[in-house]
Amino acid sequence: MPDLIPITHSIAIDPSEIEETFVRGTGAGGQNVNKVSSAVQLRFDLMHSPNIPEGMKRRVAALAGRRLTKDGVLVLVANSHRDQPMNRAEALARLVALLREGAVAPKFRVATRPTLASKRRRLEGKAIRSTTKQMRSVKPDTD
């Protein structure tokens, strides 16, 4: 059995959940582009993965955007390199980075009110600034 791919200290995914298909790449490479299938299309069934918690699935789905299909499959395409192993490594690294970003739960913010002293300080600052600007606009009388 292959080793698990670590995402966080408590979450890891099984490499058998990842499906890779190889397609012909685009861009630079000359005749190599027409002969070799070096681009990688990585597919990961996010919504049916048993190793990913539900909250993390929702966060990753929001981060994935158009890369997530209607069936909940995450599709990443890597074709920036001319050789297949580098594109495979890049696609896997992008998947792990996306999952790690989704693993971080947003901090819960407790709404607070400004203190009375901070309101007074703000209003005093505004009053000082107002008088400064008023003094600038006063035109001296010319007799």
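This report covers the sheet, the nonpolar core, helix α2 and a few individual residues of a predicted model.

## The sheet

Three strands make up an open sheet. Their order is β3-β4-β5, and the pairing is antiparallel. Strands of a sheet pair through backbone hydrogen bonds, either parallel or antiparallel. β3 spans 18–23 and β5 spans 73–78; these two stand at the edges. Each has a single partner strand, so one side of each is left without a neighbour in the sheet. From one strand to the next, the twist averages 20°.

β4 covers residues 39–45 and pairs with β3 over six bridges, in the antiparallel sense. Within that pairing, Glu19 has Arg43 of β4 as its bridge partner. β4 also pairs with β5, again antiparallel and over six bridges. Here the bridge partner of Leu42 is Leu76 in β5. Gln41 stands opposite Val77, also in β5.

How enclosed is β5 by the rest of the structure? Five of its six residues are buried, so β5 is largely enclosed.

## The nonpolar core

The largest nonpolar core has 23 residues. Which of them touch the most other members? They are Ile13, Phe44, Leu95 and Leu99. Four elements give two or more residues to this core: β4, α2 (54–64), β5 and α3 (84–103). α3 gives the most, with five residues. In soluble globular proteins, nonpolar side chains tend to be buried together.

Phe44 shows how this core is joined up. Beyond its neighbours within four places in sequence, Phe44 is in contact with Ile13, Leu95 and Leu99, among others. The contact list of Phe44 also includes Glu17, Ile18, Ser49 and Ile52. Gly72, Val73 and Leu74 complete that list.

## Helix α2

The buried residues of α2 are Met56, Lys57, Val60, Ala61 and Ala64. Seen down the helix axis, they fall within an arc of 135°, so they line one face of α2. An α-helix has 3.6 residues a turn, so residues three or four places apart point the same way. The face turned away from the buried side carries the exposed residues Arg58 and Ala62. β5 and α3 are among the elements that cover the buried residues of α2. After α2 comes Gly65, whose phi is positive, near 65°.

Lys57 is a charged-type name on the buried list, and it deserves a closer look. Lys57 lies in α2. At 4% relative accessibility, Lys57 counts as buried, because the cut-off is under 20%. The side chain of Lys57 reaches the backbone oxygen of Met47 at 3.1 Å. Setting aside neighbours within four places in sequence, Lys57 is in contact with Leu46, Met47, His48, Ser49 and Ile52.

## Gly72 and Gln84

Gly72 sits in the loop between α2 and β5. Its contacts, leaving aside neighbours within four places in sequence, are Phe44, Asp45, Leu46 and Met47. Gly72 and Ala61 are eleven residues apart in sequence, and their C-alpha atoms are 8.0 Å apart.

Gln84 is found in helix α3. Not counting residues up to four places away in sequence, Gln84 touches Phe22, Ser37, Ser38 and Val40. Gln84 and Gly25 are 59 residues apart along the chain, with their C-alpha atoms separated by 9.7 Å.

The table sets out the burial of three residues.

| Residue | Relative accessibility | Class |
|---|---|---|
| Lys57 | 4% relative accessibility | buried |
| Gly72 | 3% relative accessibility | buried |
| Gln84 | 27% relative accessibility | partly exposed |

Is Gln84 buried, exposed or partly exposed? At 27% relative accessibility, Gln84 counts as partly exposed.

## Recurring partners

Some residues turn up in several of these descriptions. Met47 offers its backbone oxygen to the side chain of Lys57, and Met47 is also in contact with Gly72. Leu46 is in contact with Lys57 and with Gly72. Ser49 is in contact with Phe44 and with Lys57, and so is Ile52.

Note on methods: Residues numbered from 1 in each chain as written. Predicted model: local features only at pLDDT ≥ 70, side-chain atom pairs only at ≥ 80, totals over all residues. Heavy atoms only, no water. Pairing = 2+ DSSP bridges. Axes fitted to C-alpha atoms, helices over the stretch in contact; angles between N-to-C directions. Buried < 20%, exposed > 50% of the residue type's maximum accessible area, 1.4 Å probe, protein only. Core = buried A, V, L, I, M, F, W, Y, C linked by side-chain atoms within 4.5 Å. Contact = heavy atoms within 4.5 Å. Polar contact = N/O pair within 3.5 Å; in protein donor to acceptor, adjacent residues only side chain to side chain. Arc of directions from axis to C-beta.
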